[in-house]
Number of protein chains: 2
Amino acid sequence: MMRTRPLRVALLGCGVVGSEVARLMTTHADDLAARIGAPVELAGIAVRRPGRVRAGVPEHLVTTDAAALVAREDVDVVVEVIGGLEPARTLITSAFEHGASVVSANKALLAEDGPTLHKAAEKHGADLYYEAAVAGAIPLVRPLRESLAGDTVNRVLGIVNGTTNFILDRMDTQGSGYAEALDEATALGYAEADPTADVEGFDAAAKAAILAGIAFHTRVGLDDVHREGITEVTAADIASARRMGCTVKLLAICERAADGRSVTARVHPAMIPLSHPLASVHEAYNAVFVEAEAAGQLMLYGPGAGGSPTASAVLGDLVAACRNKLSGARGPGESAYSQLPVSPMGEVVTRYHVSLDVADKSGVLAQCALVFAEHGVSIDTVRQQGKEGVAGDASLVVVTHRASDAALSATVEALRRLDTVRGVASIMRVEGE
Amino acid sequence: MMRTRPLRVALLGCGVVGSEVARLMTTHADDLAARIGAPVELAGIAVRRPGRVRAGVPEHLVTTDAAALVAREDVDVVVEVIGGLEPARTLITSAFEHGASVVSANKALLAEDGPTLHKAAEKHGADLYYEAAVAGAIPLVRPLRESLAGDTVNRVLGIVNGTTNFILDRMDTQGSGYAEALDEATALGYAEADPTADVEGFDAAAKAAILAGIAFHTRVGLDDVHREGITEVTAADIASARRMGCTVKLLAICERAADGRSVTARVHPAMIPLSHPLASVHEAYNAVFVEAEAAGQLMLYGPGAGGSPTASAVLGDLVAACRNKLSGARGPGESAYSQLPVSPMGEVVTRYHVSLDVADKSGVLAQCALVFAEHGVSIDTVRQQGKEGVAGDASLVVVTHRASDAALSATVEALRRLDTVRGVASIMRVEGE
C-alpha cells in the first residue's frame, strides 16, 4: 500500500513550536506514516540564526536560506511557524507557486492577508491549513470549516488569548492589580517582554477576524474588528464584577445580527456571570463557545498556546495536507460566498456596566437616570455608595439593559458634561447572559 | 464554477433526526450549494410507514422501498438515520456497492460492524462518515480522526449519554431517587419508554467502542468494552459522593496503558470531584475530555442528542462527502494499524469508593483494613459511622488509592466472607483526579 518516495516537509522556523514539530515528526515517524499512507520526512529547516538551534533538532537539515528551501522541487508541504507578516508571506506565496501545500500557525498573517493566500493556494491547486493559528491545540478551525459546514453559526464567543486570561484570572482570584498580575505573567513566561500584542488585544483581534471569516463565510479584516485590551481593567472593576456575580474576561465575540444580514466582530474585556462556563476557564487556558442554529451551544476548551499544543495542531494539519497530496485532493478553501457587511461597533447591542464618580448629593441619581432615558438606554439596576474617605463624593454603578454601543457612547458623553459627574470610572460590557 | 447536475442524496429514515435533515437541506439549499460547490438535493426518503411522515417533509419523495432507493444510479450519498443493525447494515452495504458514500448516525451498527463497513467503503472508493453517531453535534469524530491525527491520544473520558446524565443530575441536584429521576426523564422525553439501552450503558458502550477505535488506531469491539449502567446508583451513593466533594456521572473511559502497549475501554458510573469540568455538565448535555501527548487536555462540550444537533452533525458530514464526490477524493478511512490488545477490566487501575454495612463493634475496622492490605489495595481514607435507627450496625466507607480492578474485586470477595461484614452496600470508582 505504501508508496516508496516519502512526502517531504520544509519547516520554516525552529523556535518553541518549530522544534517541537521537528521532534514529533522524528519520534512519531512510524505513526505519521501509517496515518498518512506514506512516510513523511523533513527536507529542511529554515532558521534565522543557525547557532541557536535547539537540542534534538537534526542539524544537517538546518539552513538560513528559507527562500531556496520553499522553492525546492521535492518539497510537498511547507510548515510555517515563523510568525509575523514578512518574510512569512513571501515564503508561503513562493511555496504555493512551487506546488507545495502550506500549514501555517500565523494568525497575524492569516488575519491580514488570508484571502490573498487562499487565492494563491487555489490557483496552484495547493492546500492552506491553519488550525494552529487560533487557540493552539483546540480543534476550532476544522470544526467550524467542516463539522459545522451544514449549519448556520450565529455566534462565536471565546477566550482566545492565554496571556490576558492568566492576568485577569490572577486579578480575580488573588486580588492583584493589573501591573502586579502582568509581572507575574512575565515571570512565569506567560507574557512576552513586550506584551503589547496580547494585552492590547491585537492577538485576540487577529483570531476574531479569522474565526468570524470562517463562521460567517464572509471576509472579515483586522480593521473590521473592534479592539480594546485589558490595560485599563482595574481591581475595582473586578471587585464590581464580583458584586454582580460576575468575573472579567477578555472576550472575542463574532455575531451575526438578529436579521442575519450583517455581522460584527469585537475584542474587549467584559463581565460574564460566574455561572457561565467561560467563567471557569482559568490560567492560560482558552475556550470558545459556538452557537449554531441546529447544533445549539458547543464549547471547545484546551491549552491555547505553548510549543506542544501548537505543534499538535500543526501536525494534524500536516497529516491532512499530506493525505491530500497523496490522493490529489484539496481540503476546504476559503468560503466567503456570503459577503455579509461587517457592521461598526456602534451597532453592536449588549448590556453595560457603567461606574461613575459623582457628587454625593440628592438629585444626582435622578439627573443621571434622565440622561440614560434621553438616549434610549434602559437601566436594569443602579447602586449608589459613598466613596471611602472622600467626603462629598459617591460612586454610582449602573447596569443597563441591552442597548446599542452608539447609544451607550452618546449617553456617556452626556454624563461627562454633567456638573455633578466628576468622572466616568469605567465602562464595561456585560456578556454571556 | 458550479456544475449543473446536482448531487443527489437518499435519506433513510425520517424520524426526529431525518425530518430535520430534510428540512435543513431544503431551507438551507443555497448555503449548502455554495459550500459544496454544487447544488445538493434529496433523491428520495425511505420510511417504514408513509402515513407517519412529518409536516414539511416533501411527500412526493417518500418511499417505503429503501432497497430500491439506495440502488439508484443517480444517488451520490446515502444518509442513514434509521438506527439499529438491520436493515441499516444491508442498506449501507448496498449503497457502497452502488457507488454511493454514506453518512450514518448509527452508533450501534458502527460499534458492531465498523470494520466491515469501512472495508466495503474502501473497496468501492466511497466515504463513510459518522460524526452524528457519537455525542450528537459535538465535533468529536472529526477532531479525533483529523485534528489529532498527528498526536498520540492517551485518554478519552466523557459523558456521552444524555439520558443517564439527566437522571444522575436530577438525583444529585434534587435528591431524587433513581426511579423518581427516571420517571421525570421519561415524562420530559429524555428517556425512551424502554430505557434499557441508556440506563444499562449499552448506548454509551457503543460510543466508547467507536471512540477508542479512532483514538487508539485499534479495533475495539462492543465485547471489549466493560459496561455497567446506572440502575444500581442510589441516593446514598450520591450523598456519599457529595461528602467527598464529588458527584456521580456515567463515564465512558478509553485509556492507553502507561506502557503504551495496550488499551482499555469501559463504561460505568463513577465519582468525580466537583472541581472537575465534567462535574458541571448538567441536564442532558454531553462533554468529552481528550488527553493527548502534545495537545494536552481538551474538552468538547455540547448537546449530545436531539433532532437538530444530530442533524447538524449529519449535514457537516454530508458536505464533506459531497465535496469528496465532486473532487474524486476520499475522506479518512478506518485507521486500525496499531492493533493494540484491549485489556480486560481486571487490569484497569483506578481508585474505589467502597461502602460496607458492618457490625458496630470494636475491631471491625482493623479486620477490614487487614483484608485490603492482604490484597495489596492501599487505603486512602476511611469513615465509620453508626447507621441511623439500627442498633448494632455501622457503615464503613473506604476510599482506596489506585489499585487494579482485579485486586479490588478479590478484596471485596474476601470482605463479604467476614462475619462482621453484613453486606457491601456499594462499590464505585473514583475518576478524574
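In strand β5 of chain A, Val103(A) is the bridge partner of Val79(A). This pair belongs to a predicted model, and it sits within a longer register: β4 (residues 77-80) and β5 (residues 101-104) of chain A run parallel to one another, joined over four bridges. Both strands are part of an open sheet of six strands in chain A, ordered β3-β2-β1-β4-β5-β6 and paired in the parallel sense. At the edges of this sheet stand β3 (62-63) and β6 (128-129) of chain A; each has a single partner strand, so one side of each is left without a neighbour in the sheet.

Chain B also holds an open sheet of six strands, with the order β3-β2-β1-β4-β5-β6 and parallel pairing. Here β3 (62-63) and β6 (128-129) of chain B take the edge positions, and because each has a single partner strand, one side of each lacks a neighbour in the sheet. Within the sheet of chain B, strand β1 (residues 7-12) pairs with strand β4 (residues 77-80) in the parallel sense, over four bridges. Leu12(B) has Glu80(B), in β4(B), as its bridge partner.

Strand pairing also occurs between the chains. Strands of a sheet pair through backbone hydrogen bonds, either parallel or antiparallel. β12(A) pairs with strand β12 (residues 296-303) of chain B in the antiparallel sense over three bridges. In this pairing Tyr301(A) stands opposite Met299(B) of β12(B).

The strand pairings described above are set out below.

| Strands | Sense | Bridges |
|---|---|---|
| β4(A) and β5(A) | parallel | four |
| β1(B) and β4(B) | parallel | four |
| β12(A) and β12(B) | antiparallel | three |

The contact between the chains draws 47 residues from chain A and 47 residues from chain B. The size of an interface is often given as the accessible area lost when the parts come together. For chain A and chain B the buried area is about 3,800 Å², and carbon and sulfur atoms give 54% of that area. Across this interface, 24 residue pairs are in polar contact, both residues being at pLDDT 80 or more. On the side of chain A that touches chain B, the elements giving two or more residues are α1 (16-27), α2 (29-36), α6 (141-147), β12 (296-303) and α12 (307-327) of chain A. By class, that side of chain A has 24 nonpolar, 12 polar and 11 charged residues.

Side chains of opposite charge can pair when their charged atoms come close. Two salt bridges are counted between chain A and chain B. Arg142(A) forms a salt bridge with Glu146(B), with 3.7 Å between the closest N and O atoms. Over all chains the count comes to 53 salt bridges. Within chain A, the side chains of Asp31(A) and Arg35(A) form a salt bridge at 4.0 Å, N to O. Both residues, Asp31(A) and Arg35(A), lie in helix α2 of chain A, four residues apart, about one turn of the helix.

The relation of the copies remains to be described. Two copies of a chain are related by a rotation about an axis and a shift along it. A turn of 180 degrees and a shift of 0.0 Å along the axis lay chain A on chain B with an RMSD of 0.0 Å. That is the relation of a two-fold axis. In chain A, the C-alpha of Leu300(A) is the nearest to the axis, at 2.4 Å. Of the interface residues of chain A, 100% are also interface residues in chain B, so the copies meet through the same surface.

Note on methods. Residues are numbered from 1 along each chain as its sequence is written. Chains are lettered from A and ligands numbered from 1 in the order in which they are written. This is a predicted model: local features need pLDDT of at least 70, side-chain atom pairs count only at pLDDT 80 or more; totals for chains, interfaces and linings use all residues. Side-chain values use heavy atoms; hydrogens and water are left out. Contact means heavy atoms within 4.5 Å. Buried area is the accessible area (1.4 Å probe) that two parts lose on being put together, summed over both. A polar contact is a pair of N or O atoms within 3.5 Å; within protein, one must be able to donate a hydrogen and the other to accept it, and residues adjacent in sequence count only if both atoms are side-chain atoms. Ala, Val, Leu, Ile, Met, Phe, Trp, Tyr, Cys and Pro count as nonpolar, Asp, Glu, Lys and Arg as charged, and the others, Gly among them, as polar. Two strands pair if DSSP finds at least two bridges between them. Copies are superposed by least squares on the C-alpha atoms of residues with pLDDT of at least 70 in both.
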